[in-house]
Structures are given as C-alpha cells and as structure tokens.
Amino acid sequence: FFTALTSDRIVVLFQLIMILNSLFQNRSRIYCRQIRKLTADATSSNFTVVSNQTLANEAEKFNGKKIFYFTAVWCPPCRMIAPIYEKMSQKSKGVQFYKIDIDEIGDLAAKYNIRSVPTFIFFSGNSILTEFSGADQSALVRNIELLQQK
C-alpha cells in the first residue's frame, strides 16, 4: 500500500484522518459536557445544568428567584466566570441557579435574545429584574445580592 502511494490514495488517507479527528473531537466535547454536568449536579441542590428541553421548560416555569447563566464550551470568559458562579450558588440561599449552554439549548437562548456569552439574566418570579453580559465578577456578586434582597 505505501509503496504505491498515488495521489488518490493520499487523498483517501487524508480524508480518513480528518474523519477520525472529527469523531475524536466531538466525543471529547461530549465527555467534557458530561463531566461538567456531573460535577455541577453534585455541588449544590440549587444549581441546575440545563441539558435538555425538559429541564429548560422546568427552569422557565420556576416561579421563585432565579438566574439564567448563558454560556458556551468554546467561550474563554465563560470558563473563567463559571467557577465563581458555581461557588455563589453554594453560598446563596433562596435563589435557583441555572447554567444553559447556548449550543445545546438554542431555543432558550433565542427566546431571551442572547447575543454574547456569558450573559446573566436575573428573575424574580417570571419578571426580569436585570441582565448583563461579560465575565464581570463584581457585577455578578452585586446582582446576586440585589436579587436576594428582593
């Protein structure tokens, strides 16, 4: 096979390598999402990773104080603010924290007109109190405190 490497065989080999690489990358993304979900689920009872449409519907129906954190796996600022958001969920009583990946739950992101990530939306009942975009830790802490006082 290797002694007679024609251009056709090289093209086929290259395509095969690209397909295998693509499969490996997709599978590793899936595993990373599953690990993050399991880790997040174990950290706090008021922290929910919205990983399917059923959970998205439950999040929207929840009528208490809640925060929607719109994120994406490919977003560096999201990865920076995520541990802070999760720690705040452990410290904050009376507030439900939701983490929503825009690539997995695109309908919810479209409904709330999410244009950039990370984006945080703060609700009291089903009314939006405030929202902001960016990995601003002080804004996150300040808005969580304001939400708790409502």
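**Exercise 1.** Which residue in β3 does V49 stand opposite? Place this pair in the wider sheet of the predicted model.

*Solution.* In this predicted model, V49 stands opposite K99 in β3. A second pair belongs beside it, since T48 is found opposite Y98 in β3. The strand β1 is joined to strand β3 (residues 95-101) by four bridges, and the two run parallel. On the pairing of β3 with β2, seven bridges are found, and these strands also run parallel; one pair here is F70 opposite I100 in β3.

**Exercise 2.** Work out the order of the strands in the sheet, and state which strands stand at the edges.

*Solution.* The sheet is open and is formed by five strands in the order β1-β3-β2-β4-β5, with mixed pairing. The edges are taken by β1 (47-50) and β5 (127-133), each of which has a single partner strand, so one side of each is left without a neighbour in the sheet. Neighbouring strands of this sheet are turned by 20° against each other on average, when direction is ignored. The helix α5 packs on the sheet, where it touches β2 (65-71), β3, β4 and β5, and its direction makes about 10° with that of β4.

**Exercise 3.** Is β3 largely enclosed or left open by the rest of the structure? Support the conclusion with the two faces of the strand.

*Solution.* A residue counts as buried when its relative accessible area is under 20%. In β3, seven of the seven residues are buried, so the strand is largely enclosed by the rest of the structure. In a regular strand the side chains alternate between the two faces of the sheet. In β3 both faces are covered, with V95, F97, K99 and D101 buried on one side and Q96, Y98 and I100 buried on the other. For the protein chain as a whole, buried residues make up 35% of the 150 residues.

**Exercise 4.** Describe how α3 and α5 pack against each other, and decide how their directions are related.

*Solution.* Helix α3 (residues 76-91) and helix α5 (residues 137-149) pack at an angle of about 20°, and their axes are 11 Å apart. Angles under 35 degrees count as roughly parallel, and α3 and α5 are therefore roughly parallel to each other. Their crossing is right-handed. On the side of α3 the contact is made by I81, I84, Y85 and M88, which meet Q137, L140, V141 and I144 in α5. The residues of this contact divide into seven nonpolar, one polar and no charged.

**Exercise 5.** How many bridges pair β4 and β5, and which residue in their hairpin takes a positive phi?

*Solution.* The strands β4 and β5 pair over six bridges in the antiparallel sense, and one pair across them is F122 opposite T130 in β5. Their hairpin has two residues between the strands, and in this hairpin G125 takes a positive phi near 70°.

**Exercise 6.** Is T119 buried or exposed? Follow its surroundings beyond its neighbours in sequence.

*Solution.* T119 is found in strand β4, where its relative accessible area is 3% and the residue is therefore buried. Leaving aside its neighbours within four places in sequence, T119 is in contact with F68, Y69, F70, I114, E131, F132 and S133. Of these, Y69 is 50 residues away from T119 in sequence, although the two are 5.8 Å apart in space, C-alpha to C-alpha. For the chain overall, residues 24 or more positions apart account for 67% of the contacts with a separation of 6 or more.

**Exercise 7.** Examine the backbone of the loop between α4 and β4, and state what is notable at P118 and at N113.

*Solution.* The loop between α4 (106-111) and β4 (119-124) holds P118, and a cis peptide bond with an omega of about -5° joins V117 and P118. The same loop between α4 and β4 holds N113, which has a positive phi of about 55° although it is not a glycine. N113 is partly exposed, with a relative accessible area of 46%.

**Exercise 8.** In what order do the elements of the protein chain run from the N terminus on?

*Solution.* The protein chain has five helices and five strands, and from the N terminus on its elements run α-β-α-β-α-β-α-β-β-α.

Notes. Residues are numbered from 1 along each chain as its sequence is written. This is a predicted model: local features need pLDDT of at least 70, side-chain atom pairs count only at pLDDT 80 or more; totals for chains, interfaces and linings use all residues. Side-chain values use heavy atoms; hydrogens and water are left out. Buried means under 20% relative accessible area, exposed over 50%, partly exposed in between (1.4 Å probe, protein chains only). Axes are lines fitted to C-alpha atoms, for helices over the stretch in contact, and angles run from 0 to 180 degrees between N-to-C directions. Angles under 35 degrees count as roughly parallel, over 145 as roughly antiparallel, 65 to 115 as roughly perpendicular and the rest as oblique. A crossing is left-handed if the near helix is turned anticlockwise from the far one by less than a right angle, and right-handed if clockwise. Contact means heavy atoms within 4.5 Å. Ala, Val, Leu, Ile, Met, Phe, Trp, Tyr, Cys and Pro count as nonpolar, Asp, Glu, Lys and Arg as charged, and the others, Gly among them, as polar. Two strands pair if DSSP finds at least two bridges between them.
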